[in-house]
Amino acid sequence: MTPTTKLKKNLDGDTPKQVFTKNHKDLVIEGDKWMKECATSCTIAGSLIITIMFAAAFTVPAALFTSSTSVLVFLGMLTSRYSERDFLKSLPKKLMFGLFTLFCSITAMMITFCAALIIMLEGEISVMIPIIAFAGFTVSVFVALQFPLFIDILSSTYGSIFDRKMKPWLCE
């Protein structure tokens, strides 16, 4: 929408922002519910990683740090105001950062696991290779499941609004 049309009013005396807010009240409620469910699920996953990695913190502490960061980001999302304005930039940024740090913590957890396995099995390559391959598969599955969501959020937050094929909104 061009800056000049943002201030124009329709026959009822409403600006485009007011019309959007009135027509999409349910969208804010649904978005609030989805964000809270997503943040809760990711907080649980991050908390589990923190618990597991606390024991290994003295060997490879990266998973502990990234999972702690992830949990704090998702807790920040849960305590957000969930206003209409928050859905435009603040919450999508937090969700992207939270998913990224959760991915990093899962990757670091698997690297820590593989490092501990290599140290414990000292040369048992026939046993290590399949286990390390399954660890890599686990990270790949998580990325494959979450990457489309990450890209959707990235494109909707930072994508150009001018690339969309939309009918012009007329103020009459």
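A nonpolar patch is made of residues with over 30% relative accessible area and no salt bridge, whose nonpolar side chains are joined within 5 Å. I start my notes with that definition, since the entry on the surface uses it. I also note that the model is predicted.

**Entry 1: the surface patch**

I looked up which residues form a nonpolar patch on the surface. They are Phe134, Phe137, Val141 and Leu145. Together these residues have about 450 Å² of accessible area. I then picked Leu145 from the group and placed it in helix α6, which covers residues 125-158. Is Leu145 buried or exposed? Its relative accessibility is 62%, and the cut-off for exposed is over 50%, so Leu145 counts as exposed.

**Entry 2: the chain as a whole**

Next I went through the fold. I found six helices and zero strands in the protein chain. Along the sequence I wrote the pattern down as α-α-α-α-α-α. The chain has 172 residues, and buried residues make up 28% of them.

**Entry 3: helices α4 and α5**

My notes say that two packed helices are described by the angle between their axes and the distance between the axes. I looked up both for α4 and α5. Helix α4 takes in residues 62-78, and helix α5 takes in residues 90-121. Their axes come within 8 Å and cross at roughly 155°. How are α4 and α5 directed, roughly parallel or roughly antiparallel to each other? Angles over 145 degrees count as roughly antiparallel, and α4 and α5 are therefore roughly antiparallel. I added the handedness: α4 passes α5 in a left-handed crossing.

**Entry 4: leucines in α5 and α6**

I stayed with helix α5 and looked up Leu99, which has its place there. Leu99 has a relative accessible area of 5%. The cut-off for buried is under 20%, so Leu99 is buried.

From Leu99 I went to Leu149, which is found in helix α6. Along the chain, Leu99 and Leu149 are 50 residues apart, and 9.4 Å separates their C-alpha atoms. I also took the pair of Leu149 and Leu95: 54 residues apart in sequence, with 9.9 Å in space from C-alpha to C-alpha. Leu149 has 22% relative accessibility, so I entered it as partly exposed.

Leu117 was another residue I looked up in helix α5. Its relative accessibility is 10%, and Leu117 counts as buried. The C-alpha atoms of Leu117 and Met128 are separated by 7.1 Å, while the two residues are 11 residues apart along the chain.

**Entry 5: salt bridges**

Side chains of opposite charge can pair when their charged atoms come close. How many salt bridges does the structure hold? I noted two.

One joins the side chains of Asp14 and Lys22, at 2.7 Å from N to O. I checked Asp14 for burial: with a relative accessible area of 13%, Asp14 is buried.

In the other entry, the side chains of Asp32 and Lys36 meet at 3.6 Å, N to O. Where do Asp32 and Lys36 lie? Both are in helix α3, residues 25-54. They are four residues apart there, about one turn of the helix. Lys36 has a relative accessible area of 34%. Partly exposed lies between the cut-offs of 20% and 50%, so Lys36 is partly exposed.

Methods. Residues numbered from 1 in each chain as written. Predicted model: local features only at pLDDT ≥ 70, side-chain atom pairs only at ≥ 80, totals over all residues. Heavy atoms only, no water. Patch = residues over 30% accessible without salt bridge, like charges linked within 9 Å, V, L, I, M, F, W, Y side chains within 5 Å. Areas by Shrake-Rupley, 256 points an atom, 1.4 Å probe, with all protein chains shown as cover. Salt bridge = Lys/Arg side-chain N within 4 Å of Asp/Glu carboxyl O. Helix = DSSP H or I, 4+ residues; strand = E, 2+ residues; numbered from the N terminus. Buried < 20%, exposed > 50% of the residue type's maximum accessible area, 1.4 Å probe, protein only. Axes fitted to C-alpha atoms, helices over the stretch in contact; angles between N-to-C directions. Parallel < 35°, antiparallel > 145°, perpendicular 65-115°, else oblique. Left-handed = near helix turned anticlockwise from the far one by under 90°.
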